[in-house]
Amino acid sequence: MEHCRVSLKRGNAPGGTAARPPFHLSRGFAPPTGTAGFSARSVPLARLSRRSSRPEIEAHIMAEPLIELRAVTKRFPGMKALDGVDFRIFPEEIVCLAGENGSGKSTLIKIVSGIYDFDEGELLIDGKPVTAFGPRDAIASGIQVIYQDFSLFPSLTVAENLALNRLLSESRTFVDPEHRRRLGAEALARLDVEIDLDATVGRLSTADRQIVAIARALMSDTRLLIMDEPTTALTGREVDRLFAIVREIQAKGIAVLFVSHKMREMLEISERITVFRNGRKVEEGPTAEFNEARITRAMTGHDIGHERHVWAGDDDATPRLSVRGLNVGDSVRNIDLDLHRGEIVGLSGLLGSGRTELAMALFGMEPHDGDIRLDGMPLRLSSVQDAVAAGIAYVPEDRLSEGLFMQQSIARNVIASAIGRATRGPFLDQGRLMQLARDIVSDMRIATPDVDKLAGQLSGGNQQRVVIGRWLLTGPKVLILNGPTVGVDVGSKAEIHRRIRDLAAGTGLAVLMISDDVPELIQNCNRILLMHRGEIIDRLDAASVEEDDIHGRLKGLR
Amino acid sequence: MTALAKLLRRSETAVLAILIVVMIVIGVINPAFWQADNLFNLLRANVVIGIMALSVLTVMISGGIDVSFPAFAVAAMYLTVIAMNAWGYQGVVLPFIGATLIGLVCGLANAVFIHTFRMIPLIVTLGSASVVRGLLLGLVGTSIINIDRMPPSLIAFGSSTVDVGGSKLSLMIFIYLGIAVLMWLFLTRTMAGRGVFAYGDDAESAKRVGFNTRRTVYLVYGLAGALAGFAGLLHASMIWLANPRDFVGYELDVIAAVVLGGASIFGGRGSVFGTILGVFMLTLIKNSLIIMRVDNTWQGVVVGCVIVIATALTAWRDRKALV
């Protein structure tokens with residue numbers, strides 16, 4: 001009986017001393033109501049009958065909500081970020097918050113974690129209205145947020161990163177390294193993971209850093225863990241490990257609020273899904289009632305078609321790009337690869353499979369040996385300039401650090417790789433530059449009033465369009481996309497996909513699409529290659545392969 | 001990973017190894033190097049620059065930089081000596097407290113600009129250094145206070161020694177080491193000290209975790225100023241004169257020593273032990289250049305090279321760590 005366990009813990013919770021065991025659920029709030037420790041007073045009956053399809057959900061719904069927002073409105077100059085939103089989280093449930101960028105989900109997180117104040121409505125913690133709710137109050141109520149950047153200290157050790165919160169909350173003056181190490185070890189043991197406590201966090205993988213962040217958040221008496229886009233930088237296997245940890249956290253009596261773009265993951269992990277659009281809650285219900293199409297429709301307000309890429313080319317024609325016996329150091333071995341005109345070829349594999357190195361070699365950024373031909377002509381790719389001159393374009397994985405000049409205008413970003421097209425003699429032709437930039441903005445449907453806006457002010461999806469648009473100006477023959485829609489929301493993603501498919505079909509561009517997102521590969525590619533330990537281990541026909549099959553193959557790799 | 005491997009990966013180990021090699025080489029070229037008198041002299045030369053290096057170390061760990069400490073040191077030194085002469089005061093403790101407080105006030109002024117106005121530490125400290133030096137020379141005076149007018153109590157204090165095997169070891173070295181131990185305890189064993197590391201590593205995260213970052217900034221720059229003021233007066237009592245144009249070019253030497261000791265100019269990393277080694281290495285190099293009769297002007301070239309090479313090495317190490 002799920003709710004009984006909760007009520008027991010709550011009933012036993014002492015007042016709030018340092019000796020308290022780590023996972024107590026109570027910290028100075030109302031004593032349990034009744035013997036079972038929950039109250040159904042504040043839950044509308046209609047909701048009970050409509051939503052409760054599974055027994056465990058029923059238990060959650062009957063308990064008193066941990067947090068409740070009643071008709072909360074938050075205004076920013078010129079817009080309503082949240083518009084009369086009702087939202088509640090019950091103890092021990094996993095809730096997913098879905099919505100496109102700007103839909104209000106980040107605003108909601110910030111209100112719940114005490115960073116933003118709201119203009120109208122009520123915020124209730126354990127059924128009691130609270131006012132002047134700041135970050136410290138949120139932490140004291142057991143609410144912890146794991147931000148996308150994890151807020152860790154890369155130069156400090158794992159143990160210290162873990163222990164800092166606790167030491168600070170106890171207002172310590174002095175630090176005992178042994179005590180610190182013990183706190184760190186406890187925190188990791190609680191999640192049942194092993195990470196070197198003396199390693200500096202900067203040396204850990206992203207996945208391990210995330211686990212450190214989670215372990216740190218659970219150091220205090222956490223009752224609600226909020227995770228903002230937790231799977232963005234993880235590979236499939238790491239996502240599985242994260243989910244196992246999240247379930248363990250739940251088993252310890254902690255509620256988890258997930259914010260995610262990725263529908264497959266939402267459906268896998270959550271028990272309840274809430275969808276936001278334009279600051280309003282548009283859908284809410286048990287996960288069992290949702291599928292990808294329904295979430296997409298709720299997020300975007302319309303259906304997004306799932307047309308696939310059909311390639312009607314000729315296998316025997318001279319390939320656009322032909323690679324034979326390519327080696328890149330130790331990371332890529334003996335790769336044979338053909339890309340035909342109009343083909344979109346997917347490339348996936350675990351992190352470290354050599355897929356990024358392969359892409360970098362084809363873009364002249366990694367020393368390599370082997371035979372590379374473009375339209376049958378041998379190529380030497382010893383620098384990026386060689387690759388660009390040959391007509392190869394590369395859109396990197398991390399557009400923030402590798403692809404965009406955030407502090408420069410869209411126009412300048414777009415023209416960066418094709419400055420030669422906007423010059424008159426040694427000088428830039430401003431008029432021509434602006435015209436080219438405007439063409440690309442309309443061609444890529446970049447949502448911006450003008451091309452002078454800074455690239456850093458655009459949304460993720462629009463930034464990605466700027467990067468792709470820039471390469472279109474160079475008239476590429478081969479386009480290599482590394483994680484083309486990482487961190488891009490659904491609507492924008494579909495638009496980018498459509499644009500890439502149109503380009504391939506219309507201009508004979510050959511595309512190599514590297515991605516962890518299996519549905520993305522299936523939808524856009526005519527062939528999919530899987531890499532492992534530097535070699536291509538599978539060549540699949542996208543038309544006849546199922547998503548689960550690829551997931552299965554990726555998970556089977558070691 | 002074994003304890004030995006961890007030890008080998010520490011930057012202090014590398015500095016120590018290089019230091020030992022350099023000392024052996026110098027000893028071979030000039031056997032007089034190993035004489036106690038020479039070594040004690042070398043240690044004595046570590047004291048003032050070492051205390052200043054500890055102040056800069058704290059600032060650098062916090063992700064900032066301080067080029068104002070020579071100006072603060074000279075102001076604290078000169079004002080204190082002038083005040084002592086004006087009042088005919090003969091003592092040691094009070095003047096040092098006074099010099100430290102003058103440095104503290106100057107350092108806190110830096111902190112106000114850096115924290116309240118979110119200004120870049122380099123610009124703030126460049127400016128405050130220029131202002132303080134200018135005010136000192138313009139309002140207080142430009143004449144050097146020579147040994148004949150230096151307070152005898154300071155001279156006596158600065159030249160106190162202890163006899164070790166027939167050679168005289170300056171007691172000032174123990175003051176330096178004492179301060180170093182206190183700084184080590186502060187940086188590694190207090191929450192405020194860990195806050196300096198956290199702030200230098202990621203200021204935004206430090207705030208989110210719950211550090212009082214305002215207090216950290218004031219603490220770091222206040223402490224840096226205080227140490228500079230103290231070191232300034234110590235310098236005067238060790239060389240028996242107070243020159244209001246002293247400490248020119250110390251910024252470079254001290255920052256070089258701290259970087260040499262493995263501190264990161266980007267913040268978050270650095271250690272007291274490494275800094276002590278860095279200071280020793282730098283004074284050793286400069287000392288050897290003098291013994292080898294290398295012209296004074298060329299010393300700047302050497303120190304500049306040391307900064308660039310040491311920084312390049314740490315950058316290279318960091319990049320390797322990321323791959």
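## Strand β8 of chain A

Ala255(A), Leu257(A) and Val259(A) project to one side of β8(A), while Val256(A), Phe258(A) and Ser260(A) project to the other, and all of these residues are buried. The strand, which comprises residues 255–260 of chain A, is mostly covered, with 6 of its 6 residues buried. These descriptions refer to a predicted model.

Two strands of chain A pair with β8(A). Strand β3(A), residues 94–99, runs parallel to β8(A) and is joined to it by 5 bridges; within this pairing, Cys96(A) has Phe258(A) as its bridge partner. Strand β7(A), residues 224–228, also pairs with β8(A) in the parallel sense, over 5 bridges. Here Met227(A) stands opposite Phe258(A), and Leu224(A) has Ala255(A) as its bridge partner. The succession of β7(A), helix α9(A) (residues 236–251) and β8(A) forms a right-handed β-α-β unit.

## The six-stranded sheet

Strand β8(A) belongs to an open sheet of 6 strands in chain A, arranged in the order β6-β7-β8-β3-β9-β10 with mixed pairing. The edge positions are taken by β6(A), residues 143–146, and β10(A), residues 280–286, each of which pairs on one side only. From one strand to the next, the twist averages 15 degrees.

Helix α11(A), residues 292–300, lies across β3(A), β9(A) (272–277) and β10(A). The helix runs at about 30 degrees to β9(A).

## The four-stranded sheet

A further open sheet in chain A is formed by 4 strands in the order β2-β1-β4-β5, with antiparallel pairing. Its edges are β2(A), residues 79–89, and β5(A), residues 128–130; each has a single partner strand, so one side of each is left without a neighbour in the sheet. Direction ignored, neighbouring strands of this sheet are turned by 35 degrees against each other on average.

At one edge, β5(A) pairs with β4(A), residues 120–125, in the antiparallel sense over 3 bridges. In this pairing the bridge partner of Leu123(A) is Val130(A) in β5(A). Helix α4(A), residues 105–112, packs on the sheet and touches β1(A) (67–76), β2(A) and β4(A). The direction of α4(A) makes about 60 degrees with that of β2(A).

## Chain A overall and the setting of Asn161

Chain A contains 20 helices and 22 strands. Of its 558 residues, 47% count as buried. Among contacts in chain A between residues at least 6 apart in sequence, 69% join residues at least 24 apart.

Asn161(A) is located in helix α6(A), residues 158–169. This residue has 30 C-beta neighbours inside 10 Å and therefore counts as buried, the threshold being 20 or more. When neighbours within four places in sequence are left aside, Asn161(A) is in contact with Leu152(A), Phe153(A), Leu156(A), Val201(A), Val212(A) and Arg216(A). Arg553(A), 392 residues apart from Asn161(A) along the chain, has its C-alpha atom 36 Å from that of Asn161(A).

## Helices of chain B

Helix α11(B) spans residues 213–239 and has 27 residues. From its first C-alpha to its last it reaches 39 Å, close to the 39 Å expected at 1.5 Å a residue. Because 20 of the 27 residues of α11(B) are buried, this helix is largely enclosed by the rest of the structure. The residue following α11(B) is Trp240(B), which has a positive phi, near 65 degrees.

Leu42(B) lies in helix α3(B), residues 36–61. With 17 C-beta neighbours inside 10 Å, Leu42(B) counts as partly exposed, because this class lies between 12 or fewer neighbours (exposed) and 20 or more (buried). Apart from neighbours within four places in sequence, Leu42(B) is in contact with Thr283(B), Leu284(B) and Asn287(B). The C-alpha atom of Leu42(B) is also separated by 8.2 Å from that of Phe280(B), 238 residues apart along the chain.

## Contact between the chains

Chain B places 16 residues in contact with 16 residues of chain A. On the side of chain B that touches chain A, the elements giving two or more residues are α9(B) (191–201) and α10(B) (203–209). Helix α9(B) gives the most, with 5 residues. By residue class, this side of chain B divides into 6 nonpolar, 4 polar and 6 charged residues.

How values were computed:
Residues are numbered from 1 along each chain as its sequence is written. Chains are lettered from A and ligands numbered from 1 in the order in which they are written. This is a predicted model: local features need pLDDT of at least 70, side-chain atom pairs count only at pLDDT 80 or more; totals for chains, interfaces and linings use all residues. Two strands pair if DSSP finds at least two bridges between them. A crossover is right-handed if, with the strands pointing away from the viewer, the path from the first strand over the helix to the second runs clockwise. Two residues are in contact if their C-beta atoms, placed from the backbone, lie within 7 Å. Ala, Val, Leu, Ile, Met, Phe, Trp, Tyr, Cys and Pro count as nonpolar, Asp, Glu, Lys and Arg as charged, and the others, Gly among them, as polar. Axes are lines fitted to C-alpha atoms, for helices over the stretch in contact, and angles run from 0 to 180 degrees between N-to-C directions. The expected span of a helix is 1.5 Å times one less than its number of residues.
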